[in-house]
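Below are my notes on the model, set out as numbered points. Please read them with the sequence and the coordinates open.

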Amino acid sequence: MDRTEKREFVASLAAVFAETSFVLVAQNKGLTVADVSDLRRRMRAAGATYKVAKNRLATLALEGTRFDGVKPLLKGPTALAWSKDPVAVAKTAVEFAKTNDKFVVLGGALGTQTLNAEGVKALAELPSLETLRAQLVGLIQTPATRIAGVLQAPGGQVARVLSAYAKKDEAQAA
């Protein structure tokens, strides 16, 4: 890379860090091309981006962002992953690390909060943003369904009582 390419790369990474909510740092020492391709495919499916970057360039891109706390993690062969949904990145990385011992999650940053590897694993155990939204909608809909059921019940009971009286009168007339 020449200097202009490096400047463009740092600028693009800094722009990404300004927009995202979570950055994960992982060690990718000894991963094969097939392993990295598989990880990138999984990250893409989860709505995340995985990139191997020179530590010096990543450090320059992190300067002045809320993810400054991950700079000490950038030692050795590292890779960065990011997404607007922090749980998706963490889940994908932790699941991949379970199946591939050469991929090690070093830590990350959620906004201004720096997380160690255990913090990222704890984040991976949370439900995804879409699941949380679905649960919230379910909670909102449940009371309305119950209210509708309670309001319909007395009307149904009155109708059954009237129907029973009508059948009783028919039976007496016959």
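1. Val104 counts as partly exposed, because its relative accessibility is 34% and the partly exposed class runs between 20% and 50%. This is a predicted model, and the value is computed from it like the others in this note. Val104 belongs to strand β4. Leaving aside residues up to four places away in sequence, Val104 touches Ala26 and Gln27. Glu125 is 21 residues from Val104 along the chain, and the C-alpha atoms of the two are separated by 17 Å.

2. Which strands does β1 pair with? Strand β1 (residues 22-27) is joined to β4 (residues 104-110) by 6 bridges, and the two run antiparallel. Another 6 bridges join β1 to β3 (residues 78-83), again in antiparallel fashion. Val25 can be followed into both neighbours: Gly107 stands opposite Val25 in β4, and Leu80 stands opposite Val25 in β3. For Ala26, the bridge partner in β3 is Ala79.

3. Strand β1 is largely enclosed by the rest of the structure, because 5 of its 6 residues are buried. For β3 the count is 6 of 6, so β3 is also largely enclosed by the rest of the structure. The side chains of β3 divide by direction: Thr78, Leu80 and Trp82 point one way, while Ala79, Ala81 and Ser83 point the other way. Residues on both sides of β3 are buried.

4. Strand β3 also pairs with β2, through 4 bridges and in an antiparallel arrangement. Here Lys51 stands opposite Leu80 of β3. Leu80 therefore appears twice in the bridge pattern, since Val25 stands opposite Leu80 as well.

5. How many aromatic pairs are there? The count comes to 4. One of them joins Tyr50 and Phe103, with ring centres 6.4 Å apart and 55 degrees between the planes, and is classed as tilted. Tyr50 lies in strand β2 (residues 49-52) and Phe103 in the loop between α4 (86-99) and β4, so this pair ties together parts that are 53 residues apart in sequence. Tyr50 is buried at a relative accessible area of 7%, and Phe103 is buried at 2%.

6. Phe103 has a further ring partner in Phe96: the ring centres are 5.3 Å apart and the planes stand at 80 degrees, so the pair is edge-to-face. Phe96 and Phe103 are both buried. Elsewhere, Phe17, Phe67 and Trp82 form one aromatic cluster. Trp82 is among the β3 residues listed above, on the side shared with Thr78 and Leu80.

7. Asp85 deserves a look. It is found in the loop between β3 and α4. Asp85 is buried but has no salt bridge. Arg133 is the nearest side chain of opposite charge, at 7.8 Å, whereas a salt bridge requires a distance within 4 Å. What does Asp85 touch, not counting residues up to four places away in sequence? The contacts are Ser21, Ser128 and Leu129.

8. The domain assignment divides the protein chain into domain 1 (3-126) and domain 2 (127-173). The C-alpha centres of domain 1 and domain 2 lie 50 Å apart.

Conventions
Residues numbered from 1 in each chain as written. Predicted model: local features only at pLDDT ≥ 70, side-chain atom pairs only at ≥ 80, totals over all residues. Heavy atoms only, no water. Buried < 20%, exposed > 50% of the residue type's maximum accessible area, 1.4 Å probe, protein only. Phe/Tyr/Trp six-rings, centres within 6.5 Å; stacked < 30°, edge-to-face > 60°. Lys, Arg positive; Asp, Glu negative; His and termini not counted. Contact = heavy atoms within 4.5 Å. Domains from an automatic or database assignment.
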